[in-house]
Amino acid sequence: MKQGIINAPKRILEGKIDGRCGRGRRRQTWLGNIQETSQMKTYEVCETALDRRRWRTVTAQLGDGMAPT
């Protein structure tokens, strides 16, 4: 038997099927969501996350729908 046929059930279970790309929307990343909501660049998000108090303030404002300017 060929190796591909033996591993077919495992590949199907894991969702690794050859062929076209998956359907639907692309998965959103955590960093992408933060950047989109806060309108901050990657380096700004990283710098802000280093300061715990500032990060909590920013994320609390995002939860209220108020993006920092």
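Which backbone oxygen does the side chain of S38 reach? In this predicted model, the side chain of S38 reaches the backbone oxygen of I34, at 2.7 Å. S38 itself is placed in helix α3, which comprises residues 30-38, and this serine counts as buried because its relative accessibility is 0%, where the cut-off for burial is under 20%.

The setting for this contact is a protein chain that contains 5 helices and 0 strands, with the elements following one another from the N terminus as α-α-α-α-α. Of its 69 residues, 12% count as buried, and the chain exposes about 6700 Å², of which 52% is supplied by carbon and sulfur atoms.

Helix α3 also takes part in an aromatic pairing, since a search of the whole structure finds 1 aromatic pair. The pair is formed by W30 and W55, whose ring centres lie 6.1 Å apart and whose planes stand at 50 degrees, so that the arrangement is classed as tilted. Distant parts of the chain are linked by this pair, with W30 in helix α3 and W55 in helix α5 (residues 52-63), 25 residues apart. As for solvent exposure, W30 has a relative accessible area of 56% and is therefore exposed, whereas W55, with a relative accessible area of 16%, is buried.

Key
Residues numbered from 1 in each chain as written. Predicted model: local features only at pLDDT ≥ 70, side-chain atom pairs only at ≥ 80, totals over all residues. Heavy atoms only, no water. Helix = DSSP H or I, 4+ residues; strand = E, 2+ residues; numbered from the N terminus. Buried < 20%, exposed > 50% of the residue type's maximum accessible area, 1.4 Å probe, protein only. Areas by Shrake-Rupley, 256 points an atom, 1.4 Å probe, with all protein chains shown as cover. Polar contact = N/O pair within 3.5 Å; in protein donor to acceptor, adjacent residues only side chain to side chain. Phe/Tyr/Trp six-rings, centres within 6.5 Å; stacked < 30°, edge-to-face > 60°.
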